[in-house]
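Subject: The structure I said I'd pass on

Hi,

Here is the structure I promised to hand over. Have a look at it first, and then read on for what turned up in it.

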Amino acid sequence: MTGRLRQLLQRKFVKDTITLQIGKVGVLALSLIGSVIVPVLLRPERYGVWQLGLSLYGVWKVLNLTGLIPSTQTRLAAAVGAGDAVQLQNWMSLFFKVTLLYCAASTGLLLLARPWLANAFYGGDATFVNLALLLSLTQPSELLYSLFIITFSSRRQMRYVAMLQNLNQLVLVTTTIVAVLISPTAYAIALSRLVYSAVTLVLVVVVYQRSRHHTDITYPALTTVLRGMVTASGSDYWRFGIANALDKNTANLYRLLPIQITGVVAGPQAAGYVGLALNAITQQTFFTSAILDNMQAVVPQAVGRRDYAGLWRRFRQVMLVLAVGGAAFFGVFALIVPFVVPILYGSDWLPVIPLLQLLAIFGVVTTLGGVFGPLYRAFDQVRGALVIKLVVLGVGLPIGFWLIEQYGAVGGVWLVNGLLAASVLLTAVMTLPELQAQAIRQSSN
């Protein structure tokens, strides 16, 4: 038994997962500090204003059809698996070029749409649109930071990923708390995000430049990537990229639209309750996020090597662990929430307690459902996954409006749970038979 455990711990996947998980502890601790201090200082009404501005910015980003992050995660991992340094540099240069063009267009279009959005959805109040405009200025730094994190993940240098994630969270929490202490307003938080995004981009670039030779394949220097923007080719990228963008952005709407609808129908305070509950439940997924981050690199590499039998075996093991562990953890979470919320947030936030208990369902489904994204992207089933999400959204939103009208913030939480559960179930039905069929075919040969 001891020998088997030692052998298990020596596997690259297990060691990488443990490294990421240890790093996530620091990220969670820092995140918890910010998630308690900021709502308490802002109080429900002003926190609701921030959540509406933040979620509007998220909804606006649905227009980003480049699919840069999910597509690059798959492409870079595949290029590393194939040892193709030329494609590696091409995808990174293309990422830079598309990022700069998209961000300029996105912010400009949002500025032009500002009066219409304020009048159409917020009774002429431009506060939420102004917040979204400020946040849109962080997009170039956010996207380019993600690119460099992907480079570490694709070469499976998880120590760097863990370190940078902790530094990122430290800068975010520090700048946010300082901003709220100076001025407890949503605008102060938005301005702090500009500082945070610039600082973290500089940090990740410095680490990348100093570590790009530390693996079997050498990553291109930043100057090479920038020069390559002129000739970077995306001829075989756009179909894959746009499909990934639509898929990812539609999934994000499952969290963003319930906050927006709750704010419009039930008011900013109710939206603040839903936003805080979603933020709190999302933080708890750190226990499995290391596994999911690792799967982003492992799955496409296994598909690139055509190791379907091994992937099918590991995939089932991961699903079993996530299902059992997620149910146990979030069951306990739902039981202790009534005791923890008053201590951390005070009496102003007591209405969040039933929302957090209901979102335990969201936590379990998210824990298990996160493994399917790398799989259907690697198998080029993105369009099928997108159709599933759109159908679920089209059927679920009318029901969600009714639920929110009847039950306020509680209805918004039920909308989140229903959208996610239906989407994950249908996606599993689509992807798992394909992987199993490939594994059986490989074994028979």
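Let me start with one residue, arginine 43, which sits in helix α2. Please keep in mind throughout that this is a predicted model. The odd thing about arginine 43 is its backbone: its phi is positive, about 70°, even though the residue is not a glycine. As background, most residues other than glycine have a negative phi. Arginine 43 counts as partly exposed because its relative accessibility is 44%, and values from 20% to 50% fall in that class.

Which residue does arginine 43 pair with in a salt bridge? The partner is aspartate 348, and the closest N and O atoms of the two are 2.8 Å apart. This pair links distant parts of the chain, 305 residues apart: helix α2 covers residues 12–60, while aspartate 348 is in the loop between α13 (308–345) and α14 (352–358). Aspartate 348 is partly exposed as well, with a relative accessible area of 29%.

How many salt bridges are there in total? The count comes to two. The other pairing to look at is between the side chains of aspartate 247 and lysine 389, with N to O at 2.7 Å. Aspartate 247 belongs to helix α10 (residues 238–266) and lysine 389 to helix α17 (residues 382–407), so this bridge ties together parts that are 142 residues apart in sequence. Are these two residues buried or exposed? Both aspartate 247 and lysine 389 are buried. In general, side chains of opposite charge can pair when their charged atoms come close.

Now a step back to the whole chain. Its secondary structure comes to 18 helices and zero strands. The chain has 445 residues, of which 56% count as buried. Among contacts between residues at least 6 apart in sequence, 84% join residues at least 24 apart.

One example of parts that are apart in sequence but meet in space starts at alanine 85, in helix α4. The C-alpha atoms of alanine 85 and isoleucine 217 are 6.9 Å apart, although 132 residues separate them in sequence. Alanine 85 is partly exposed, at 37% relative accessibility.

Helix α5 (residues 127–136) is a good place to see burial. It is mostly covered, with nine of its 10 residues buried. Among the buried ones are Phe128, Val129 and Asn130, and the list runs on to Leu135 and Ser136.

Two threonines are also worth finding on your screen. What does the side chain of threonine 151 reach? A polar atom of that side chain lies 2.5 Å from the backbone oxygen of phenylalanine 148. Threonine 151 is placed in helix α6 (residues 139–154). It is buried, with a relative accessible area of 0%. Leaving aside residues up to four places away in sequence, threonine 151 touches Leu76, Met92, Tyr208 and Tyr219.

The second one, threonine 175, is in helix α7 (residues 158–182). Its side chain reaches the backbone oxygen of leucine 172 at 3.1 Å. Why does threonine 175 count as buried? Its relative accessibility is 17%, and buried means under 20%. With residues up to four places away in sequence again left out, threonine 175 touches Ser192, Val195 and Tyr196.

Last, a pocket. The second largest one holds about 310 Å³ of space. Which helices each supply at least two residues of its lining? They are α2, α4 (85–121) and α10. Helix α10 gives the most, with four residues. The lining of this pocket includes Leu56, Val59 and Trp60, then Trp116, Leu117, Phe121 and Tyr122, and further along Leu257, Gln260, Ile261 and Val264, as well as Phe401. By type, the lining divides into 11 nonpolar residues, one polar and no charged.

If you only have a few minutes, begin with arginine 43, for its positive phi and its salt bridge with aspartate 348. After that, go to the lining of the second largest pocket, where α10 supplies four residues.

Cheers

Technical notes. Residues numbered from 1 in each chain as written. Predicted model: local features only at pLDDT ≥ 70, side-chain atom pairs only at ≥ 80, totals over all residues. Heavy atoms only, no water. Buried < 20%, exposed > 50% of the residue type's maximum accessible area, 1.4 Å probe, protein only. Polar contact = N/O pair within 3.5 Å; in protein donor to acceptor, adjacent residues only side chain to side chain. Contact = heavy atoms within 4.5 Å. Salt bridge = Lys/Arg side-chain N within 4 Å of Asp/Glu carboxyl O. 1 Å grid on protein atoms, 1.4 Å probe; cavity = no way out; pocket = protein on both sides within 12 Å on 5 of 7 lines; lining within 4 Å. Points joined across faces, edges and corners; volume = space filled by probe spheres on them. Nonpolar A, V, L, I, M, F, W, Y, C, P; charged D, E, K, R; others polar.
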